[in-house]
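The following exercises ask the reader to examine the open and enclosed spaces, the cores and some unusual backbone sites of one protein model. Each task is followed by a worked solution in steps.

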Amino acid sequence: MRLKLLRWIIFYFVFNLSLVTAKSNHFGIGFGGNYFRKTDRVGFKVYKGDRYLPGKYCLDNDGFSYQLGVVYYLNERFSIMFKYRTPRKCEYHYPSAPTPDVWGPNTYWTRTEASSWITSFRVHFKDFLFFKPYVGFGLDFFKVKAGIREGHIRQTGEILYIYPEDGYRYIGSKNVTGLMIPLGVTVPILERVLIDFGLNYTFMKIKDWGTKDDRADNQNLSGFYIYLNLVILAF
């Protein structure tokens, strides 16, 4: 059943791509912003199945970044998009232990920087009122850098200590590729200017951080991006 469905999808896209004509193609430059909402919420994560050991690091968090890219409209029905998301910088703290009543560090402070190169193929539907909906699929070539420090916060909120005091301990960076499902609309505002508004969900996981500190392994970095672009058609 799955094989038949996959064959049908491939046939559908190949057949429709054969209908592409050079009369209606357009090339555009787009820029705007996006807000990321992470599916896996920041908080205490079990490390090696033992709740009495220090928890896992939580890499990346919600945040805003800018984006710049190009889009090529093959015809009125299909487009290909390439985009760069500028680094999203986040600083946050969360429990490193299941309870604050522990000896030693009970809190992690994390600083991350995440950026992406993304590409997607989009199928545009017929105009509905004043906008044109689309759906598609694509890839997210993601890079995250992370630094960690740890300390102890008492139940009163008083910070007993933080280590290192003068900054973060850099634990490395990781390149990950994820599957992206975009869904959005385009709204023409001038003859060669349109607004591209939508959201996409990215499926992304880190299995092996690749360093000696395996508390960064097995990370779920999936989440929603809400984006708004202004697209200017060059031709």
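**Exercise 1. Describe the largest pocket: which strands supply its lining, and what is the class make-up of that lining?**

Solution. The model is a predicted one.

Step 1. Strand E7 (169-190) and strand E8 (193-203) each supply at least two residues of the lining. E7 gives the most, with 4 residues.

Step 2. The lining has 19 residues, and His26, Tyr73, Lys132, Thr186 and Leu194 lie nearest the centre of the pocket.

Step 3. By class, 9 lining residues are nonpolar, 5 are polar and 5 are charged. The space in this pocket is about 460 Å³.

**Exercise 2. Determine which strands each supply at least two residues of the lining of the second largest pocket.**

Solution.

Step 1. Locate the lining residues, including Lys89, Glu91, Arg111, Glu113, Lys145 and Arg169.

Step 2. Assign the lining to strands: strand E3 (78-95), strand E4 (107-124), strand E5 (132-153) and E7 each supply at least two residues.

Step 3. Sort the lining by class: 6 residues are charged, 4 nonpolar and 2 polar. The pocket holds about 150 Å³ of space.

**Exercise 3. State how many cavities of 30 Å³ or more are counted, and describe the lining of each.**

Solution.

Step 1. The principle is that a probe the size of a water molecule, rolled over the atoms, shows where empty space is left. The count comes to 2 cavities of 30 Å³ or more.

Step 2. The largest cavity has a volume of about 180 Å³. Among its 25 lining residues, Met81, Lys83, Arg122, Asp196 and Asn229 lie nearest the centre.

Step 3. Strand E1 (26-38), strand E2 (63-73), E3, E4, E7, E8 and strand E11 (223-233) each give at least two residues to this lining. The largest share, 6 residues, comes from E2. The lining of the largest cavity divides into 14 nonpolar, 7 polar and 4 charged residues.

Step 4. The second largest cavity holds about 30 Å³ of space. Its lining includes Ser65, Arg88, Phe142 and Tyr225, and E3 and E4 each supply at least two of the lining residues.

**Exercise 4. Identify which residues touch the most other members of the largest nonpolar core, and trace the contacts of Phe142.**

Solution.

Step 1. The largest nonpolar core has 21 residues, of which Tyr57, Leu59, Tyr94, Phe142, Ile171 and Trp209 touch the most other members. E3, E4, E5 and E7 give two or more residues to this core, and E5 gives the most, with 4 residues.

Step 2. Beyond its neighbours within four places in sequence, Phe142 is in contact with residues including Asp60, Arg88, Ala114, Val176, Leu221 and Tyr225.

Step 3. A second, separate core has 8 residues, including Val71, Tyr73, Met180 and Leu233.

**Exercise 5. Are Leu129 and Asn218 buried or exposed? Describe the backbone at these residues and at Pro164.**

Solution.

Step 1. Leu129, in the loop between E4 and E5, has a positive phi of about 60 degrees although it is not a glycine. Its relative accessibility is 70%, so Leu129 counts as exposed, the cut-off being over 50%.

Step 2. Asn218 lies in the loop between strand E9 (205-206) and strand E10 (219-220). Its phi is positive, about 55 degrees, although Asn218 is not a glycine. Because its relative accessibility is 51%, Asn218 also counts as exposed.

Step 3. The peptide bond from Tyr163 to Pro164 is cis, with omega near -10 degrees. Pro164 is placed in the loop between strand E6 (159-163) and E7.

Notes
Residues are numbered from 1 along each chain as its sequence is written. This is a predicted model: local features need pLDDT of at least 70, side-chain atom pairs count only at pLDDT 80 or more; totals for chains, interfaces and linings use all residues. Side-chain values use heavy atoms; hydrogens and water are left out. On a 1 Å grid over the protein atoms alone, a cavity is a set of points where a 1.4 Å probe fits but cannot get out, and a pocket is an open set with protein on both sides within 12 Å along at least five of seven lines; lining residues have an atom within 4 Å of a point. Grid points are joined across faces, edges and corners, and a volume is the space filled by probe spheres set on the points. Ala, Val, Leu, Ile, Met, Phe, Trp, Tyr, Cys and Pro count as nonpolar, Asp, Glu, Lys and Arg as charged, and the others, Gly among them, as polar. A nonpolar core is a set of buried Ala, Val, Leu, Ile, Met, Phe, Trp, Tyr and Cys residues joined through side-chain atoms within 4.5 Å. Buried means under 20% relative accessible area, exposed over 50%, partly exposed in between (1.4 Å probe, protein chains only). Contact means heavy atoms within 4.5 Å.
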